[in-house]
Amino acid sequence: MEEHSKTSNHAQASPELTSYMVDLHIHIGRTEKGSPVKISGSKDLTFYNIAREAAERKGIDVVGIIDCHSPLVQQEIMDYLHKGEMEEAAGGGIRYRQTTVLLGSEIEVKDAGCGAAHLLAYLPVLSDMQQFTIWLRRYMRNVELSSQRLYVTARELQQEVIDRGGILIPAHIFTPYKSVYGSAVRRMSDMLDMSQIAAVELGLSSDTEMASYISELDSVSFVTNSDAHSLPKIGREYNQMRMERPTFKELAYALAGYEGRGIAANYGLNPHLGKYHRTYCASCETVLPERHQLGQPCPYCGHTKFVRGVFDRILDLADRDTPEVKATRPPYHYQVPLAFIPGLGKRKLEQLLDRFGTEMNILHKVSEFELTEAVGAEIARFILQARNGQVLIDAGGGGRYGKVMRE
């Protein structure tokens, strides 16, 4: 992609720019014929179902499906294009109703002397992704599956994506398993060319303030994505972006802050809800106190076998005593997805969706009176408290999500 100078994400938007909801990290669990793609993903996570869920229930304008390198997935996309149910968008992406699907691939790399890390690659059109798949076959053992190891260096992959007109985003950069900072390196610049990173994905257990302990990220855009392994989790994190239209080209411009485009806001989980936010003792299965010192035993059982939490890992890596959030950063809004609301089961969730349309509308717009009328005062109160950042949370860790507490 051609180079563009960056401008402030708060620059005055041109009149023709529109605000779009964008979630760039959604997995395919199976093809429609049942072939596995992401083994840990839900079986109903097919390409078509993701597009439909985003368009009809979630109200997400742009979704990035990051298993589109799979030839079986590509065949399904071609089938929908041929039937006329989807179309390729001018500017890149696949259009389904009012939602655009961006074609992505999550790839695992492991440089010499480093742990494994996941990187997200996005390409403009289907033919670009098909050619990318041909290249991947040379260095990947099973190109049909998601998140597979690629036997080249991270910089080689990065350059290959850039040369093909794509963009690269390191995935969930702080999580303890298979991320750049969580398991691979202490400095991203040791692994990747920072000038050719479109953005970094913060992950469910961190936020803008936490990432701002690390100075090498100051010039990089932050994105918040769902990393959805089931349909209900689509949109649990998303970005509000200013773009002229919902296409690959415009997304690249928005991430670069080009001519008024930009990230207007990040919507993410309260990091305490993330399943790797706090350090977790694998022996007594307890979330440890904040700022647990590396190398210190568990204060509850004395063992030293831990799953290092994102909060503590960031403090380990920090080259600042306090976070310095740049004035150009968009606001980060905490979002509590409906799946975390106590007492909100499937039946009442369906009642809300039937009445108010999409989850984003329920989370951010529907009035207290309407919510109470639909599902009762207690659930309405939790939704309003979540909207206003007033819920109490039992922090997650060690692979267990945090919980919204009733009192």
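Glu-259 and Arg-261 join their side chains in a salt bridge, at 3.9 Å from N to O. Arg-261 is buried, at 7% relative accessibility, whereas Glu-259 is partly exposed at 49%. The pair belongs to one network of salt bridges with shared partners, made up of Glu-244, Arg-245, Glu-250, Glu-259 and Arg-261. The model is predicted. The points below cover its salt bridges, two groups of paired strands and one helix contact.

**Salt bridges**

- The count of salt bridges comes to 18.
- Lys-178 and Glu-108 form one of them, with their closest N and O atoms 3.2 Å apart.
- Lys-178 sits in the loop between S7 and helix H5 (180-184), and Glu-108 sits in strand S5, so this salt bridge ties together parts that are 70 residues apart in sequence.
- Glu-108 is buried, with a relative accessible area of 5%.
- Lys-178 is partly exposed, at 37% relative accessibility.
- Lys-83 and Glu-85 also meet through their side chains in a salt bridge, at 3.8 Å from N to O.
- Lys-83 is exposed, with 53% relative accessible area.
- Its partner Glu-85 is partly exposed, at 39%.

**Strand S6 and its neighbours**

- Strand S6 spans residues 117-123, and seven of its seven residues are buried.
- Ala-117, Leu-119, Ala-121 and Leu-123 point one way from S6.
- His-118, Leu-120 and Tyr-122 point the other way.
- Residues of both sets are buried.
- Strand S5 (residues 99-109) runs antiparallel to S6, and seven bridges join the two.
- Within that pairing, Leu-103 has Leu-123 of S6 as its bridge partner.
- Strand S7 (residues 167-170) is also antiparallel to S6, joined to it by four bridges.
- Here the bridge partner of Leu-120 is Ile-169 in S7.
- S5 also holds Glu-108, the acidic partner of Lys-178.

**Strand S1 and its neighbours**

- Strand S1 covers residues 18-26.
- Seven of its nine residues are buried, so S1 is largely enclosed by the rest of the structure.
- S1 pairs with strand S10 (residues 238-243) in the antiparallel sense, over five bridges.
- In that pairing, Ser-19 stands opposite Arg-242 of S10.
- S1 pairs with strand S2 (residues 62-65) in the parallel sense, over three bridges.
- Ile-26 stands opposite Ile-65 of S2.

**Helices H11 and H12**

- Helix H11 runs over residues 368-375 and helix H12 over residues 377-387.
- The two pack at an angle of about 140°, and their axes are 7 Å apart.
- The crossing of H11 past H12 is right-handed.
- From H11, the contact draws on Glu-368, Leu-371, Thr-372 and Val-375.
- From H12, the contact draws on Ala-377, Ile-379, Ala-380, Ile-383, Leu-384 and Arg-387.
- By class, this contact has seven nonpolar, one polar and two charged residues.

Technical notes
Residues are numbered from 1 along each chain as its sequence is written. This is a predicted model: local features need pLDDT of at least 70, side-chain atom pairs count only at pLDDT 80 or more; totals for chains, interfaces and linings use all residues. Side-chain values use heavy atoms; hydrogens and water are left out. Buried means under 20% relative accessible area, exposed over 50%, partly exposed in between (1.4 Å probe, protein chains only). Two strands pair if DSSP finds at least two bridges between them. A salt bridge is a side-chain nitrogen of Lys or Arg within 4 Å of a carboxyl oxygen of Asp or Glu. Axes are lines fitted to C-alpha atoms, for helices over the stretch in contact, and angles run from 0 to 180 degrees between N-to-C directions. A crossing is left-handed if the near helix is turned anticlockwise from the far one by less than a right angle, and right-handed if clockwise. Contact means heavy atoms within 4.5 Å. Ala, Val, Leu, Ile, Met, Phe, Trp, Tyr, Cys and Pro count as nonpolar, Asp, Glu, Lys and Arg as charged, and the others, Gly among them, as polar.
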